[in-house]
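Hi,

Here is the structure I said I'd pass on. Have a look, and then read on for what turned up.

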Amino acid sequence: MKINEHYGELAASYLFSTVAKKQAEFSAAHPEKEIIRLSIGDVTQPLARCVVKAMQEAAAEMGTKEGFHGYGPEQGYDFLKEAVCGYYAARGTRLDKDEIFISDGAKSDLANVLGLFSVENTVLVPDPVYPAYVDDNVTDGRRIVYAKADEANGFLPMPDENVKADIIYLCSPNNPTGAAYTRAQLAEWVAYAKKNDAVILYDAAYECFIQDAALARSIFEVEGARACAIEICSFSKIAGFTGTRCGYTVVPAELKRGGMSLNKLWLRRQTTKFNGVPYIVQRGAAAVFTESGMQEIQENLDYYRRNAAVIAAALDAAGVWYCGGKNSPYLWLRCPGGMKSWEFFDWLLETCGVVGTPGVGFGACGEGYFRLTAFGDAEKTKLAAAKMQKALLQLRETQQ
Ligand code: PLP
């Protein structure tokens, strides 16, 4: 018997545990000081009323002989797949319902989809980025190459003809940087993927935050993407489903590799290894796309957007370089005074009682940067922003 030794190659993930430990130590040493967490990547606003109502009704249905649902279609109920098609169609992107696969969230599908590809493929991962992409491939034993994101490329790496990759991860709007690709930029990635016979895994978990017309909400807004991309999406951020669990993955009919249809392979994979998302949850998810659902979730998204604007205004006033925050719940700032990510974490906690996330935790290229999130309470975010603005300005004065 041999275990999967690649698990031994995983870098220990100390990021969030170290953040929590440092926060707890600070609280114990200064019980009188309030701590404000701008570090959370989880949503905080409750589910929309119509989502709750749809789930309550579905639960009641399940308690009746006629309305009971047992095993459902592994790839999701038609009512939800059709609602997802409608959501894309409203933005001018046509999908067939058989191209949509309902899942229990993006994190599972981002890992599971790799099962369609040989471990001999080379994977291209942006740096910094959501850490699961790296770990999912380390445990499979794939070779990983990194696409460097920095201020020069606006934290949006573009294809390099000298780098050969078979699987390409793109995350837009990006976690942690908040940077988002334009359609023109994505067209370059599509051209690269076609030329190299590569497949793009496009993580659109934060698409709902995009407002600028030039930015893509879906890679399928780009011509040719249907032949080279899979899109992974989630109800977590658009509708607060982080604890409810639902997402969807789009595998276009045209996507073929090695003479096989990836849509058919994914259907086979899901029907073999997955038994579907609960009926009650899918009813709740479908309610997101009703007229009242879209209105209610916009109220929550606007709440987070206002938080982002408050933090952005404080950073602007303090003269700190940052990106994100406009089409994303994340703000990515350059640590002032040349501080390293963890150094700035300590400074911010001690000076302002504010907790953020050190950029280096998202990849080597994140060193010297820092992530703040807009998912917190509005009043506390305002307080944190005012404290940060004052402290950052003072720091600037002492350094000049
Ligand atoms: N993709 C990105 C970029 C994320 O930041 C997250 C969660 O924070 C996920 C995927 C996971 O989403 P889900 O809750 O649907 O599993």
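How far is an oxygen atom of the ligand from an N or O atom in the side chain of Lys 237? The distance is 2.9 Å, a polar contact here being a pair of N or O atoms within 3.5 Å.

Before the rest, some ground rules: this is a predicted model, where local features need pLDDT of at least 70 and side-chain atom pairs count only at pLDDT 80 or more, while totals for chains, interfaces and linings use all residues. Residues are numbered from 1 along each chain as its sequence is written, and side-chain values use heavy atoms, with hydrogens and water left out.

Two other side chains also put a polar atom by a ligand oxygen: Asn 175 at 2.8 Å and Arg 245 at 2.7 Å. The protein buries 91% of the 400 Å² that the ligand exposes when taken alone (Shrake-Rupley areas, 1.4 Å probe).

Around the ligand there are 14 residues (a heavy atom within 4 Å), and Ala 106, Asp 203, Tyr 206, Ser 234 and Ser 236 are the closest. Helix α4 gives the largest share of that shell, three residues (helices are DSSP runs of H or I, at least four residues). By class, the shell has six nonpolar, four polar and four charged residues; Ala, Val, Leu, Ile, Met, Phe, Trp, Tyr, Cys and Pro count as nonpolar, Asp, Glu, Lys and Arg as charged, and the others, Gly among them, as polar.

Enjoy browsing!

Technical notes
A polar contact is a pair of N or O atoms within 3.5 Å; within protein, one must be able to donate a hydrogen and the other to accept it, and residues adjacent in sequence count only if both atoms are side-chain atoms. Helices (H or I, at least four residues) and strands (E, at least two) are DSSP runs, numbered from the N terminus.
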